[in-house]
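Work through the exercises below with the sequence and the model at hand. Each task is followed by its solution.

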Amino acid sequence: MLGTLKAALDVRQVKLEPGAISAEVEGRHELRDGLPVLAEVHVHYRLRIPPRSRETVDRALARPQDRCPTAATLKGAVAVRWTAEIVEA
């Protein structure tokens, strides 16, 4: 998911400094028929973006799962949600 977002920003010509993008991912499991299964994945992005690029970054974040192979694999079986912490630098 992080790679897909990075690629979306690259396509939109938002150049990030090394280390300016990261993600923390957390999964939530639930019991189904006595079996623990993955029910939800939450991705929290941290971005340090160039000045005056916020609108472009927001557009990329509006649809981060549309082209993501991992999200496509999980679709219908596992809920995927995201949040983002963005700092203009």
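**Exercise 1.** Find the residue with a positive phi in the hairpin of β1 and β2.

Solution. Two residues lie between the strands of this hairpin, and D33 takes a positive phi near 55°. Next, take the strands themselves, where helices (H or I, at least four residues) and strands (E, at least two) are DSSP runs numbered from the N terminus. β1 covers residues 21–32 and pairs with β2 in the antiparallel sense over twelve bridges; two strands pair if DSSP finds at least two bridges between them. Within this pairing, H29 is opposite L38 in β2.

The model is predicted: local features need pLDDT of at least 70 and side-chain atom pairs pLDDT 80 or more, while totals for chains, interfaces and linings use all residues. Residues are numbered from 1 along each chain as its sequence is written, and side-chain values use heavy atoms, without hydrogens and water.

**Exercise 2.** Which element gives the most residues to the largest nonpolar core?

Solution. A nonpolar core is a set of buried Ala, Val, Leu, Ile, Met, Phe, Trp, Tyr and Cys residues joined through side-chain atoms within 4.5 Å; buried means under 20% relative accessible area, exposed over 50%, partly exposed in between (1.4 Å probe, protein chains only). The largest one has 19 residues, and L47 is among those with the most contacts inside it. Two or more residues come from each of α1 (2–11), β2, α2 and β3 (79–88). β2 gives the most, with five.

**Exercise 3.** Is S53 buried or exposed?

Solution. S53 sits in the loop between β2 (35–49) and α2 (54–62). Its relative accessible area is 8%, so S53 is buried. Beyond neighbours within four places in sequence, S53 is in contact (heavy atoms within 4.5 Å) with V14 and E88.
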